[in-house]
Amino acid sequence: MPKRWNEIDWDAPRPEPSEVVAAQNGITWAAVPALDRYLEHVAAAYVNGGYLIGRWRAVGYADAAAWFVARNRSEEFELLRVFFDSEAVRKGLSDLQIPSPLGSGDGGFEQERIGSLCLDGILADVIVSGGAYGRYRGSAIDAKALAGAAVEALTQNRLEDFRVHASLVPWTPWFEGATWDRTYVLTDTANAEITVFCVTDTN
């Protein structure tokens with residue numbers, strides 16, 4: 001059984017480059033069902049665009065992958081590139097039209113890491129700020145509660161197990177190329193799962 005992504009064996013040596021490449025090419029992913037009524041409000045807010053969401057579990061991977069993720073060095077392993085380049089994810093997010101191969105920098109998937117403790121506020125802002133013509137009709141505190149319920153459903157309140165990355169650039173043709181383009185990627189290190197949530201809109 002492969003190592004969990006949140007368990008560190010400090011005595012394990014850094015994998016050799018050949019092991020890293022083999023691990024990158026050897027990960028297999030399986031879809032996991034996602035979310036709740038929070039998404040109804042996302043759909044209402046982004047009326048000219050929309051949202052995409054999906055969750056996948058790594059069901060087969062080498063210990064070399066866990067070596068990097070457990071040490072918060074998933075960028076060195078290029079985990080998100082490996083994830084988005086996988087056939088299962090491309091098929092599950094076919095509307096996203098992920099470029100092949102997925103690049104980085106200009107026109108590629110640029111992301112920055114954000115704290116998982118901020119996740120309820122981020123998801124609340126998605127519906128409170130809204131899209132070009134729609135936004136959440138209730139109060140900000142109600143939106144925060146709704147987003148908090150979504151975070152609980154996504155994380156089971158295991159925030160310490162999650163790494164969150166965000167991108168505000170239109171990195172695939174699905175995005176409208178306006179100010180409302182957002183991608184959030186949640187990596188669950190306890191269960192080797194990755195959740196992707198994208199929104200876009202236009203006026």
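Which side chain meets R14 in a salt bridge? It's the side chain of E76, and you'll find that pair in the second of these close-ups. One thing to keep in mind as you look: this is a predicted model.

**View 1. Helix 1 has a buried side and a side turned away from it.** Helix 1 covers residues 17–26, and its buried residues are V20, A23 and Q24. Look down the helix axis and these buried residues fall within an arc of 100°, so they line one face of the helix. What do the buried residues of helix 1 pack against? Their neighbours are helix 3 (63–70), helix 4 (74–77) and helix 5 (79–85). Now check the face turned away from the buried side: that's where you'll spot the exposed residues S18 and N25.

**View 2. R14 and E76 link distant parts of the chain.** Here's the pair from the opening question, with N and O 3.1 Å apart in the salt bridge. R14 sits in the segment before helix 1, while E76 belongs to helix 4, and 62 residues separate the two along the chain. Are these partners buried, exposed or something in between? R14 has a relative accessibility of 44%, so it counts as partly exposed. E76 has a relative accessible area of 40%, so E76 is partly exposed too.

**View 3. E7 and R4 form a salt bridge.** The closest N and O atoms of this pair are 3.4 Å apart. E7 comes out as partly exposed because its relative accessibility is 43%. R4 is also partly exposed, with a relative accessible area of 36%.

**View 4. D125 and R182 tie a helix to a strand.** Their side chains meet in a salt bridge, at 3.2 Å from N to O. D125 lies in helix 7 (residues 119–129) and R182 in strand 5 (residues 182–188), so the pair ties together parts that are 57 residues apart in sequence. Take a moment to compare the two partners. D125, at 35% relative accessibility, counts as partly exposed. R182, on the other hand, has a relative accessible area of 12%; buried means under 20%, so R182 is buried.

**View 5. E78, R81, D85 and R90 belong to one salt-bridge network.** Rather than a lone pair, you're looking at salt bridges that share partners, and that sharing joins these four residues together. How many salt bridges does the count come to? The count comes to 13.

**View 6. Helix 2 packs against helix 7.** Helix 2 (residues 38–45) meets helix 7 at an angle of about 40°, and the two axes are 8 Å apart. That angle makes helix 2 oblique to helix 7. Which residues make the contact? From helix 2 come Y38, H41, V42 and A45, and from helix 7 come L123, V126 and I127. Sort the residues of this contact by type and you get six nonpolar, one polar and no charged.

**View 7. E87 is an exposed residue in helix 6.** Helix 6 spans residues 87–92, and E87 is part of it. With a relative accessibility of 67%, E87 counts as exposed. While you're here, find T28 as well: it's 59 residues away from E87 along the chain, and the C-alpha atoms of the two are separated by 9.0 Å.

Terms used
Residues numbered from 1 in each chain as written. Predicted model: local features only at pLDDT ≥ 70, side-chain atom pairs only at ≥ 80, totals over all residues. Heavy atoms only, no water. Buried < 20%, exposed > 50% of the residue type's maximum accessible area, 1.4 Å probe, protein only. Helix = DSSP H or I, 4+ residues; strand = E, 2+ residues; numbered from the N terminus. Arc of directions from axis to C-beta. Contact = heavy atoms within 4.5 Å. Axes fitted to C-alpha atoms, helices over the stretch in contact; angles between N-to-C directions. Parallel < 35°, antiparallel > 145°, perpendicular 65-115°, else oblique. Nonpolar A, V, L, I, M, F, W, Y, C, P; charged D, E, K, R; others polar.
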